[in-house]
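Me: Please take a close look at the middle of this one for me, the part where the side chains pack together. Then work outwards from there, and keep it chatty.

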Amino acid sequence: MVTEGAATCINPVNWKTDATPASFTFESGTGTITLDTLNHVLIADMSNNQTFRDWNRSNPVFSSLGVNPDCLHHWDLLFYTDQIHDNALLRSRRVLIPN
């Protein structure tokens, strides 16, 4: 498992470390990210999973590496870009302007 030994995991959509699910939109679909607190991994579920399955199957790089077409983790940065951006701004403001 990729995260063997990980101490924690943060849901990049709601920035929580518990199992509270977080919803987001990406292009024409909606998704939910849930944190598995036992294994410290993220579980991504999209309303349009078939779109990502089709892309994975048609992309020779991912197909040749044997990437499971249901694995959505190479899409992470696209899914969470807005939340990562907003959180970075919020955290930088706290450093520049302490409470």
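Reply: Let's start at L72, which touches A44, D45, M46, N49, F52 and F79, leaving out residues up to four places away in sequence. Touching, or contact, just means heavy atoms within 4.5 Å. Before going on, bear in mind that this is a predicted model, so local features need pLDDT of at least 70 and side-chain atom pairs count only at pLDDT 80 or more, while totals for chains, interfaces and linings use all residues. Residues are numbered from 1 along each chain as its sequence is written, and side-chain values use heavy atoms, with hydrogens and water left out.

L72 belongs to the largest nonpolar core, a set of 15 residues in which F24, F26, I33, M46, F52, L72 and F79 touch the most other members. A core of this kind takes in buried Ala, Val, Leu, Ile, Met, Phe, Trp, Tyr and Cys residues joined through side-chain atoms within 4.5 Å. As for burial, under 20% relative accessible area is buried, over 50% is exposed, and partly exposed is in between, using a 1.4 Å probe and protein chains only. Two or more core residues come from each of β1, β2 (29–36), β3 (41–46) and α3 (76–96). Helices (H or I, at least four residues) and strands (E, at least two) are DSSP runs, numbered from the N terminus.

For the bigger picture, there are 3 helices and 3 strands, and along the sequence they run β-β-β-α-α-α. Of the 99 residues, 27% are buried. Among contacts with a separation of 6 or more, 31% are between residues 24 or more positions apart.

Now look at helix α1 (residues 49–58), where the buried residues are N49, F52 and N56. These three sit on the same side of α1 because they cover an arc of only 65 degrees around the axis, the arc being that of the directions from the helix axis to the C-beta atoms. An α-helix has 3.6 residues a turn, so residues three or four places apart point the same way. R57 and S58 are exposed on the other side of α1. Remember that N49 and F52 both turned up on the contact list of L72.

Step back into the loop between β3 and α1 and you find N48. N48 is buried, at a relative accessible area of 16%. Under the same sequence cut-off of four places, N48 touches S28 and G29.

Over in helix α3 there's D76, which also counts as buried, with a relative accessible area of 18%. D76 and A44 are 32 residues apart in sequence, with their C-alpha atoms 8.9 Å apart in space. A44, you'll recall, is one of the residues that L72 touches.

On to strand β2 and T30. T30 counts as partly exposed, at 45% relative accessibility. Beyond its neighbours within four places in sequence, T30 is in contact with F24, T25, D45, M46 and S47. Two of those names, F24 and M46, are also among the core residues that touch the most other members. From T30 to F79 it's 49 residues along the sequence and 9.8 Å in space, C-alpha to C-alpha.

Now for the segment before β1 (22–26), which holds V13. V13 is buried, with a relative accessible area of 13%. Leaving out residues up to four places away in sequence, V13 touches A22, S23, F24, I33, Y80 and Q83. The C-alpha atoms of V13 and T81 are separated by 9.2 Å, though they lie 68 residues apart along the chain.

W15 is in that segment before β1 too, and W15 is partly exposed, with a relative accessible area of 32%. W15 isn't a glycine, yet its phi is positive, at about 55 degrees. H40, in the loop between β2 and β3, likewise has a positive phi near 55 degrees without being glycine. H40 counts as partly exposed, at 23% relative accessibility.

That brings us to the outside. About 6,800 Å² of surface is accessible, and 58% of that belongs to carbon and sulfur atoms. Such areas come from the Shrake-Rupley method with a 1.4 Å probe, and for residues only the protein chains shown count as cover. I10, W15, L77 and I84 make a nonpolar patch of about 360 Å² there. Patches are made of residues with over 30% relative accessible area and no salt bridge; like charges are joined within 9 Å, and nonpolar side chains (Val, Leu, Ile, Met, Phe, Trp, Tyr) within 5 Å. A salt bridge here is a side-chain nitrogen of Lys or Arg within 4 Å of a carboxyl oxygen of Asp or Glu.
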